[in-house]
Amino acid sequence: MNVYDGLRIAAMLEHHGLESTDNVADADIILLNTCAVRAKATDKVYSALGRIRRAKKPDAIYGIVGCVARESGADAFRKIRDLNFVLGPQSYHKLPEIIKNPDSKLLDIDLGGLEKFDELPPITKSPFVAYIPVQEGCNHCCTYCIVPFTRGREISRPYNDILAETMHAAAVGAIEICFIGQNVNGYKYTDENGKTYRLSDLIKQTAKIDSVKRIRFTSSYPTEMTDDLIELFKTESKLLPFLNMPIQSGSNNILQKMNRQYNLDEYITIINKFKIARPDIQISSDFIVGFPGETNTDFEQTVDIAKQIKYINSYSFKYSPRPHTAAAIMQNQIPENIKSERLIKLDAVLNDIQREFNLSCQDKVFDCLYEGADKTGTKQIYRTPYMQPCIVETDNPTPMARIKITSGNKSCLHGKIVD
Ligand code: SF4
């Protein structure tokens with residue numbers, strides 16, 4: 001979502017005649033697009049603003065957009081007095097106001113709805129992957145999560161608006177469409193004729209666009225996986241066989257304290273339905289270790305489920321207390337050193353699984369999507385259907401290529417183009 005927001009902001013500023021620079025000292029406007037999901041990210045915002053303040057031209061305007069802006073509100077101006085703007089995740093389309101009046105202060109952290117999607121110009125230079133938001137906000141109230149506060153309640157975008165954006169992205173070069181939303185599979189839009197559309201309808205319609213070769217979506221809530229969506233994995237070959245479906249913890253006790261709306265058995269049942277629909281499917285997850293009250297036994301259950309499902313490409317974090325959340329004031333907060341030990345242990349297990357999966361890909365042939373040159377500029381990086389980076393030596397990279405995997409390690413694959 002932040003990548004998408006960043007692209008839209010860049011497109012909007014270009015529309016107003018600005019161009020981008022990597023050098024803060026050259027910039028006329030500097031913004032930080034911020035994430036509040038973890039405390040560490042929030043803490044870094046103010047030190048980064050201090051650095052920007054010292055490096056920028058005296059008359060350059062600067063500020064923050066996104067979830068830390070929503071969380072901080074007017075406090076941000078109290079912390080940094082000459083800050084010019086503080087715009088929440090649903091207000092960044094108002095940036096041009098401050099460009100017109102650089103001597104003013106602009107604060108807008110309202111959860112207005114979907115206006116930003118109407119106000120912003122379309123992205124004109126699409127890379128091969130287009131992120132298309134289908135909904136904003138979340139109606140789940142996981143006790144650790146700040147998103148319902150920063151992004152608000154769930155709102156699904158109009159079906160036709162999403163399709164129009166998807167077709168535009170395809171027309172300017174997108175080959176892979178990634179539908180995004182905090183609760184992407186909760187997408188539900190009823191039009192003026194009373195017809196209701198779900199994520200499966202968006203996928204079916206998108207698959208009809210010839211130039212779109214790959215479709216995926218993220219991030220999904222397990223119990224919102226409806227049968228129509230699962231069934232689509234049987235028939236729609238453009239849907240990648242890779243799904244992010246966060247479990248967060250392998251302990252029913254902790255899942256309940258997190259207010260996740262499923263238990264372990266229910267979660268595994270959903271995974272099994274996917275495996276029946278698409279036997280080659282692989283799952284990734286997010287994990288939180290050290291949630292308040294997590295015992296060693298709870299944690300070991302998380303390790304067990306990671307081994308059982310064999311998640312690939314997962315994200316694991318230490319629990320981080322966030323303001324406006326129930327878990328932040330729960331008893332039995334776990335000491336930092338124990339959280340760190342558990343994270344190291346879980347990461348080691350997840351890394352082993354990833355390595356094993358990457359090695360199992362050797363000699364397989366995948367249709368891969370071109371991403372760009374590697375850091376040295378001498379090799380090219382493609383993405384497999386499981387989103388693994390695959391390094392290839394070629395002087396003539398094409399947007400899509402059939403690649404035979406020649407070797408793999410924990411972090412990447414190597415391959416050569418066939419055909
Ligand atoms: S479902 Fe995801 S976004 Fe929604 S409250 Fe839970 S963790 Fe946050």
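# A first look at this structure

Helix H8, residues 159-171, lies across strands S5 and S8 and runs at about 170° to S5. Helix H9 (residues 199-207) packs on the sheet as well, where it touches S8 and S11, and its direction makes about 160° with that of S11. Please keep in mind that this is a predicted model. The points below start with the sheet under these helices, then turn to a barrel, a helix of 25 residues, the shell around the ligand, and a few single residues worth finding on screen.

**The open sheet**

- The sheet is open and has 3 strands in the order S5-S8-S11, with parallel pairing.
- Its edge strands are S5 (129-133) and S11 (214-218), each of which pairs on one side only.
- From one strand to the next, the twist averages 20°.
- How many bridges join S5 and S8? There are 5, and the two strands pair in the parallel sense.
- One place to see this pairing is Ile132, whose bridge partner in S8 is Phe179.
- On the other side of the sheet order, strand S8 (residues 176-180) is joined to S11 by 5 bridges, and these two strands also run parallel.
- Two of the residue pairs to look for are Glu176, with Arg214 as its bridge partner in S11, and Ile177, whose partner in S11 is Ile215.
- Although S11 is an edge strand, 4 of its 5 residues are buried, so S11 is largely enclosed by the rest of the structure.
- As a general point for viewing sheets, side chains in a regular strand alternate between the two faces of the sheet.

**Just after S11**

- What kind of peptide bond joins Thr218 and Ser219? The bond is cis, with omega at about 10°.
- Ser219 belongs to the loop between S11 and helix H10 (227-235).

**The barrel**

- Another sheet closes on itself: 5 strands form a barrel in the order S16-S17-S18-S20-S19, and their pairing is mixed.
- With direction ignored, neighbouring strands of this sheet are turned by 55° against each other on average.
- Strand S16 (residues 365-373) pairs with S19 over 5 bridges, in the antiparallel sense.
- To find this pairing, start at Leu369, which has Met400 as its bridge partner in S19.

**Helix H14**

- H14 covers residues 336-360, which makes 25 residues.
- From its first C-alpha to its last, H14 reaches 36 Å, close to the 36 Å expected at 1.5 Å a residue.
- Which residues of H14 are buried? They are Lys339, Arg342, Leu346, Leu350, Gln354 and Asn358.
- These buried residues pack against several elements: strand S14 (286-289), helix H13 (296-309), strand S15 (315-318), strand S19 (400-408) and strand S20 (413-417).
- Two of those elements, S19 and S20, are also strands of the barrel.

**Around the ligand**

- The residues around the ligand are Cys138, His140, Cys141, Cys142, Cys145, Val147, Pro148, Gln182, Asn183 and Tyr221.
- Sorted by class, this shell has 7 nonpolar residues, 3 polar ones and no charged ones.

**Gly250, a buried loop residue**

- Gly250 sits in the loop between strand S12 (242-244) and helix H11 (252-257).
- Why does Gly250 count as buried? Because it has 24 C-beta neighbours inside 10 Å, where 20 or more are needed.
- Leaving aside residues up to four places away in sequence, Gly250 touches Leu264, Gln301, Thr302, Asp304 and Ile305.
- Gly250 and Ala277 are 27 residues apart along the chain, and their C-alpha atoms are separated by 24 Å.

**Two exposed residues between S15 and H14**

- His324 lies in the loop between S15 and H14, and Asn332 is found in the loop between S15 and H14 too.
- The phi angle of His324 is near 70°, a positive value in a residue other than glycine.
- For Asn332, phi is near 60°, again positive in a residue other than glycine.
- Are these residues buried or exposed? His324 counts as exposed because it has 12 C-beta neighbours inside 10 Å, and Asn332 is exposed, with 10 other C-beta atoms within 10 Å.

Methods
Residues are numbered from 1 along each chain as its sequence is written. This is a predicted model: local features need pLDDT of at least 70, side-chain atom pairs count only at pLDDT 80 or more; totals for chains, interfaces and linings use all residues. The expected span of a helix is 1.5 Å times one less than its number of residues. Two residues are in contact if their C-beta atoms, placed from the backbone, lie within 7 Å. A residue is near a molecule or strand if its C-beta atom, placed from the backbone, lies within 6 Å of it. Ala, Val, Leu, Ile, Met, Phe, Trp, Tyr, Cys and Pro count as nonpolar, Asp, Glu, Lys and Arg as charged, and the others, Gly among them, as polar. Two strands pair if DSSP finds at least two bridges between them. Axes are lines fitted to C-alpha atoms, for helices over the stretch in contact, and angles run from 0 to 180 degrees between N-to-C directions.
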